[in-house]
Amino acid sequence: METGLAGKVAFITGAARGQGRAHAVRLAGEGVSIIGVDICADLASMDYPNASPADLEETRKLVEAAGGGMVARVADVRDQAELKAAFDAGLAEFGRIDIVIANAGIVKYGEEDPVAEWRDIIDTNLTGVWNACRVAIPALIEGGRGGSIVITSSSAGLKGVGSPLAASQAYTAAKRGLVGLMQVFANDLAPHGIRVNTVHPTGVRTGMIENDAFREVAAALGSNLSAMQNALPVAVLEPEDIAEAVAWLVSDRAAYVTGITLPVDAGFTVR
């Protein structure tokens, strides 16, 4: 069965690196044009660096090398007006939208200002996804061709692990909240032929774990790190592993798949 992706346009948040970049490059190889956004700035409440403008530019080059076109814009998913301006620029360039991948997310590994850390994680990981969907859904409906929305949740969206840290609590609350949001959208948009699903990765080799803050936490946990391990004998997945699952979800091969929570977690949630 053909994927049916050639000629389509995808809106991807958190596109400058990691999973967002992998989604952009993977879909570009199928003939999809990309509207990609990223904040490209650090947040004071976080303890590792976000992507940079140079990272977003590198994604654009990789998309073009894969055979696709990309409108790359700096935008904060917490700011719906800013995000809409970036989306509208891409829509004006490509003239359509078919796919939304609401992927941007953050976490923190320590605790300094629990109120700020809770707020920023909820605002980015939950409200930011809502913002991305809200700015794109009217154009998806107006296009009259159906469409697909994939929301990046987490294994934490299916299985909570105990933590006294506000950031960990907010991360799990947001990622679990995305499941409910997905189900609401899946029901609401089904009459328009728009499918909505969540994907739930385990640890993925991205900037979220490839940093000193995570390495310090992992070293401190020592033998307790088993609480974070997968059932399959693999420590972390690659961004491209998640991109393969998402490419299937947004393709015609998953034409009747909507409202599901798809784990790509090496068996993390069965432990």
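How many residues does helix α4 have, and what does α4 reach from its first C-alpha to its last? Select residues 114-143 to see α4: 30 residues, with 43 Å between the first C-alpha and the last. That is close to the 44 Å expected at 1.5 Å a residue. The model is predicted.

**Along α4**

Stay on α4 and centre the view on Thr127. A kink of about 40 degrees is centred on this residue. Then move to Gly144, just after α4, where phi is positive at about 70 degrees.

**α3 against α4**

Add residues 80-94, which form helix α3. The axes of α3 and α4 come within 10 Å and cross at roughly 40 degrees. The two helices are therefore oblique to each other, and their crossing is right-handed. To show the contact, select Gln80, Leu83, Lys84, Phe87 and Leu91 on the α3 side. On the α4 side, select Gly128, Trp130, Asn131, Ala132, Arg134, Val135, Ala136 and Ala139. Coloured by class, the residues of this contact divide into 8 nonpolar, 3 polar and 2 charged.

**α1 against α7**

Next, select helix α1, residues 18-28, together with helix α7, residues 239-249. Their axes come within 8 Å and cross at roughly 50 degrees. That crossing angle makes α1 oblique to α7. The crossing of α1 past α7 is right-handed. From α1, pick Gly18, Gln19, Ala22, His23, Arg26 and Leu27. They meet Pro239, Glu240, Ile242, Ala243, Glu244, Val246 and Ala247 in α7. By class, the contact of α1 with α7 has 7 nonpolar, 3 polar and 3 charged residues.

**α1 against α2**

Keep α1 selected, hide α7 and show helix α2, residues 53-65. Is α1 roughly parallel or oblique to α2? The axes of α1 and α2 come within 9 Å and cross at roughly 15 degrees. That makes α1 roughly parallel to α2, since angles under 35 degrees count as such. α1 passes α2 in a right-handed crossing.

For the side chains here, select Arg21, Ala24, Val25 and Ala28 in α1. Their partners in α2 are Asp55, Glu58, Thr59, Leu62 and Val63. The residues of this contact comprise 5 nonpolar, 1 polar and 3 charged.

To end the tour, show α1, α2 and α7 together. α1 meets α7 through residues including Ala22 and Arg26, and α1 meets α2 through residues including Arg21 and Val25.

Conventions. Residues numbered from 1 in each chain as written. Predicted model: local features only at pLDDT ≥ 70, side-chain atom pairs only at ≥ 80, totals over all residues. Heavy atoms only, no water. Axes fitted to C-alpha atoms, helices over the stretch in contact; angles between N-to-C directions. Helix = DSSP H or I, 4+ residues; strand = E, 2+ residues; numbered from the N terminus. Parallel < 35°, antiparallel > 145°, perpendicular 65-115°, else oblique. Left-handed = near helix turned anticlockwise from the far one by under 90°. Contact = heavy atoms within 4.5 Å. Nonpolar A, V, L, I, M, F, W, Y, C, P; charged D, E, K, R; others polar. Expected span 1.5 Å × (residues − 1). Bend = angle between axes of the 7 residues up to and from the residue.
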